[in-house]
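I sat down with this entry to look up a handful of things in turn, and I note them here in the order in which I went through them.

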Amino acid sequence: MQTSTPSSLFIRDPDLISTDMDGDTVMLSIERGEYFGIGGVGTRVWELLEQAVSMQTIVQAICAEYDVDEATCLADVQAFFNELLKDRMIKPA
């Protein structure tokens, strides 16, 4: 599994089908027969991953939109990215 760094660029796996369901995001991988769901701030991060974007850019956006300090946000986003990478929901751009 590749680890993420704040300057690395990532994008959603284009093979995932995603939709909004009452504010949460549900994704389906037909190829793997798996589905995933995210909510809260994770949904906003997923929106930002529509185009190639760095973790640092996402952290800046989340800090501007939510009441969170940069260090906490970076740690949380990095952990989230590592989970997304593990589940092959995002990939390096």
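**Charges and overall build**

I began with the charged side chains and found 6 positive and 16 negative ones in the chain, with the centres of the two sets 8 Å apart. I keep in mind throughout that this is a predicted model.

Next I went through the secondary structure, which comprises three helices and six strands, and from the N terminus on I read the order of the elements as β-β-β-β-α-β-α-α-β. The radius of gyration is 13 Å, close to the 12 Å that the globule rule gives for 93 residues, so I note the chain as being as compact as a globular protein of that length. Taken along the principal axes, the box filled by the C-alpha atoms is roughly 35 × 30 × 20 Å.

I then looked up burial and surface for the chain as a whole: 32% of the 93 residues count as buried, and the accessible surface comes to about 5,500 Å², of which carbon and sulfur atoms hold 51%. Among the contacts with a separation of 6 or more, 53% are between residues 24 or more positions apart.

**The aromatic pair**

How many aromatic pairs does the chain have? I count one aromatic pair, formed by phenylalanine 10 and phenylalanine 81, with 5.5 Å from centre to centre and 90° between the planes. I enter the pair as edge-to-face because the angle of 90° is over the 60 degrees required for that label.

Phenylalanine 10 belongs to strand 1 (residues 9–12) and phenylalanine 81 to helix 3 (residues 70–86), so the pair ties together parts that are 71 residues apart in sequence. I checked both partners for exposure: phenylalanine 10 is buried at 0% relative accessibility, and phenylalanine 81 is likewise buried, with a relative accessible area of 0%.

**Strand 3 and methionine 27**

I turned to methionine 27, which I located in strand 3 and which is buried, with a relative accessible area of 0%. Leaving aside neighbours within four places in sequence, I list among its contacts Leu16, Ile17, Ser18, Phe36, Trp46 and Met89. Isoleucine 38 is also in contact with methionine 27, and the C-alpha atoms of these two residues, eleven residues apart along the chain, are separated by 8.5 Å.

**Two neighbours in helix 1**

Is threonine 43 buried or exposed? I find threonine 43 in helix 1, and I enter it as buried because its relative accessibility of 7% is under the 20% cut-off. Setting aside residues up to four places away in sequence, threonine 43 touches Gly23, Asp24, Thr25 and Ile38.

Arginine 44 also lies in helix 1 (residues 41–48), but at 22% relative accessibility I have to enter it as partly exposed. With residues up to four places away again left out, arginine 44 touches Ile62, Glu65 and Tyr66. I also looked up its separation from serine 18, and the two are 26 residues apart in sequence and 13 Å apart in space, C-alpha to C-alpha.

**Glutamine 56 in helix 2**

In helix 2 (residues 55–65) I picked out glutamine 56, which counts as partly exposed at 21% relative accessibility. Beyond its neighbours within four places in sequence, glutamine 56 is in contact with Pro6, Glu70 and Leu74. Between glutamine 56 and methionine 27 I note 24 Å in space, C-alpha to C-alpha, and 29 residues in sequence.

**Positive phi in two loops**

Which values of phi did I look up last for residues other than glycine? For aspartate 22 phi is near 55°, a positive value, and I place this residue in the loop between strand 2 (16–21) and strand 3 (24–29). Aspartate 22 counts as exposed, at 82% relative accessibility.

For arginine 88 phi is near 60°, again positive in a residue other than glycine, and I find arginine 88 in the loop between helix 3 and strand 6 (90–92). Its relative accessibility is 47%, and I therefore close the entry with arginine 88 as partly exposed.

Definitions and conventions
Residues numbered from 1 in each chain as written. Predicted model: local features only at pLDDT ≥ 70, side-chain atom pairs only at ≥ 80, totals over all residues. Heavy atoms only, no water. Helix = DSSP H or I, 4+ residues; strand = E, 2+ residues; numbered from the N terminus. Rg over C-alpha atoms; globule rule 2.2 N^0.38 Å. Buried < 20%, exposed > 50% of the residue type's maximum accessible area, 1.4 Å probe, protein only. Contact = heavy atoms within 4.5 Å. Areas by Shrake-Rupley, 256 points an atom, 1.4 Å probe, with all protein chains shown as cover. Lys, Arg positive; Asp, Glu negative; His and termini not counted. Charge placed at Lys NZ, Arg CZ, Asp CG, Glu CD. Phe/Tyr/Trp six-rings, centres within 6.5 Å; stacked < 30°, edge-to-face > 60°.
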